[in-house]
Amino acid sequence: MVNGILACGRFLAVLALGLALPTGMVRAEPSASLAVDLGSGTVIAESRGGMPHHPASLTKMMTAYVAFGAIKAGKVSQDDIITVSERAASQGGATLDLGPGERISLGAALKAMIVRSANDAAVAVAEHVAGSESAFAVRMTEEAARLGMTSSSFRNATGMTAAGHVSSPRDMAILAMAIERDFPAFRPMFSSRDTTWKGRVLPTVNGFLGAYAGAEGMKTGFTCSAGYNLVAIAHRGGRRALAVVMGAGSSAERLGAIRRLMDQALQAEPATGRSLAGLGNVGGTPPDRSQEACGYARSGKGGGPEMAIAQRRSVPAGWALEVSYGRDLGKVRRELDKVHRQMRGKLGGGSAMVVVRPRDGMLRYRGLIVGLQERRAIDTCLAERARAGEERCLVLNPTMLAGAMDDERRFKMISAH
């Protein structure tokens, strides 16, 4: 278990330093960015600002905007008590660890969604406001169209990667300015350094707030497919600016780009340039940052570790066998299914499960047969190793299995905020 935790720690460190990209690999496309002077709405700097991108948890800015509108219209109240649904509680990635049937106020859920990027809180908000997350997503897309976000459509309230769930730096800048303009009373949520839940003080996931002098907010976003995103607002000497970065390959790259944009936008000279509304969006497919951000290449629809992020998984009871391992998810799955069929009778059943394992800045996949009795797991594996070699299987006791699941959980916590 210690080795697993150390491996996960190395993976997090590599992501933070921006070293997940293998040596010599050339990125297909640069990140997209822009900076806007908030006093005049003038674009100060821009690079690929109209290009489509996966928004990741920048999505929660639109989730908040729609919820703020419902509060302002008197349809819901921050004091409303939400009973958390099974669906909301099952969300993976960054969460508040809400359980089914648990109760939370709408105001507390909104703050957790923004400060902690909590996916369970986001779905709870969506269901409370619109009855279902899918109905809420329709409202999100409608609001985007009304605001002139011509490249944006939404399929969920969290930012999990989905077909048709897309935005652009230009559109996210428009949304940030709309939040500032239409709901100034809610601005403190985006600048808060922490939130409190069940007596615990939980710090913000937005590192920009403590890394840039004059930082005010707004929101981070990250999935493997999206890369590292950030919408930020800061002030200096009476001037305020907004900057957006989407598709950075690491958190360090994201922060460095935001710093440069902010410094340029907050310089003493008067802002000159075109308006944000005058910057057009362009069509196309959002780039996939999986290789740069997480060290793996997606393999078709739903490939890669994000297939496991959408739902929270508990540790299976009993012992387990690892019977396949590697970087190719499809190959690991095929080998797992084959071996499980061969061993099912000797093992007395069991269930197949693929677990994500961060290792040395890259991702591996562990094909496990779980839910086994101790004696059957040990005897079967020993017999198979004697017959087919030492690499045939590895026995995991309940503590080791919990460690494997904890490695995956830690990965998920950084994979959707």
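Student: Contact means heavy atoms within 4.5 Å. Among contacts between residues at least 6 apart in sequence, what percentage join residues at least 24 apart?
Tutor: It is 69% for this chain. Keep in mind that the model is predicted.

Student: How many helices and strands does the chain have?
Tutor: There are 14 helices and 13 strands.

Student: And what percentage of the residues is buried?
Tutor: Of the 417 residues in the chain, 56% are buried.

Student: Which residues have the most contacts inside the largest nonpolar core?
Tutor: Met62, Phe68, Leu110, Leu175 and Val231. That core holds 65 residues. Helix α2, residues 59-72, gives the largest share, with nine residues.

Student: How many residues are in the other core?
Tutor: The other core has 22 residues and lies apart from the largest one. Ala35, Leu230, Ala243 and Ala257 are among its members.

Student: Back to valine 231. What is it in contact with, leaving aside neighbours within four places in sequence?
Tutor: Leu58, Met61, Met172 and Ala176 are on the list. So are Gly217, Met218 and Lys219. Leu242, Ala243 and Val244 complete the set.

Student: Now α2 and α6. At what angle do they pack?
Tutor: About 90°, and their axes are 10 Å apart. The two helices are therefore roughly perpendicular to each other.

Student: Which residues make the contact?
Tutor: From α2 come Thr59, Met62, Thr63, Tyr65, Val66 and Ala67. From α6 come Phe136, Arg139, Met140, Glu143, Ala144, Arg146 and Leu147.

Student: How many of the residues in the contact of α2 with α6 are nonpolar, polar and charged?
Tutor: Eight are nonpolar, two are polar and three are charged.

Student: Switching to α5. What does it reach from its first C-alpha to its last?
Tutor: α5 covers residues 119-130, twelve in number, and reaches 16 Å. That is close to the 16 Å expected at 1.5 Å a residue.

Student: How many of the residues of α5 are buried?
Tutor: Eleven of the twelve, so α5 is mostly covered, given that buried means under 20% relative accessible area. Among the buried ones are Asn119, Asp120 and Glu127, along with Ala121, Val123 and Ala130.

Student: What do the buried residues of α5 pack against?
Tutor: Four helices and a strand: α2, α3 (86-89), α4 (106-115), α6 (133-147) and β3 (81-83).

Student: Which residue follows α5?
Tutor: Glycine 131, and its phi is positive, near 95°.

Student: What sign does phi have in most residues other than glycine?
Tutor: Negative. Here arginine 48 has a positive phi, near 60°. Aspartate 97 also has a positive phi, of about 60°.

Student: Where is arginine 48 found?
Tutor: In the loop between β2 (42-47) and α2. Aspartate 97 is in the loop between α3 and β4 (103-105).

Student: Why is arginine 48 called partly exposed?
Tutor: Because its relative accessible area is 27%, and partly exposed runs between the 20% and 50% cut-offs.

Student: One last residue, serine 31. Buried or exposed?
Tutor: Serine 31 is buried, because its relative accessible area is 15% and the limit is 20%. Serine 31 sits in the loop between α1 (2-17) and β1 (32-37).

Student: What is serine 31 in contact with, leaving aside its neighbours within four places in sequence?
Tutor: Arginine 48 is one of them. The others are Ser47, Val245, Met246, Gly247, Ala248, Glu253 and Arg289.

Definitions and conventions
Residues are numbered from 1 along each chain as its sequence is written. This is a predicted model: local features need pLDDT of at least 70, side-chain atom pairs count only at pLDDT 80 or more; totals for chains, interfaces and linings use all residues. Side-chain values use heavy atoms; hydrogens and water are left out. A nonpolar core is a set of buried Ala, Val, Leu, Ile, Met, Phe, Trp, Tyr and Cys residues joined through side-chain atoms within 4.5 Å. Buried means under 20% relative accessible area, exposed over 50%, partly exposed in between (1.4 Å probe, protein chains only). The expected span of a helix is 1.5 Å times one less than its number of residues. Axes are lines fitted to C-alpha atoms, for helices over the stretch in contact, and angles run from 0 to 180 degrees between N-to-C directions. Angles under 35 degrees count as roughly parallel, over 145 as roughly antiparallel, 65 to 115 as roughly perpendicular and the rest as oblique. Ala, Val, Leu, Ile, Met, Phe, Trp, Tyr, Cys and Pro count as nonpolar, Asp, Glu, Lys and Arg as charged, and the others, Gly among them, as polar.
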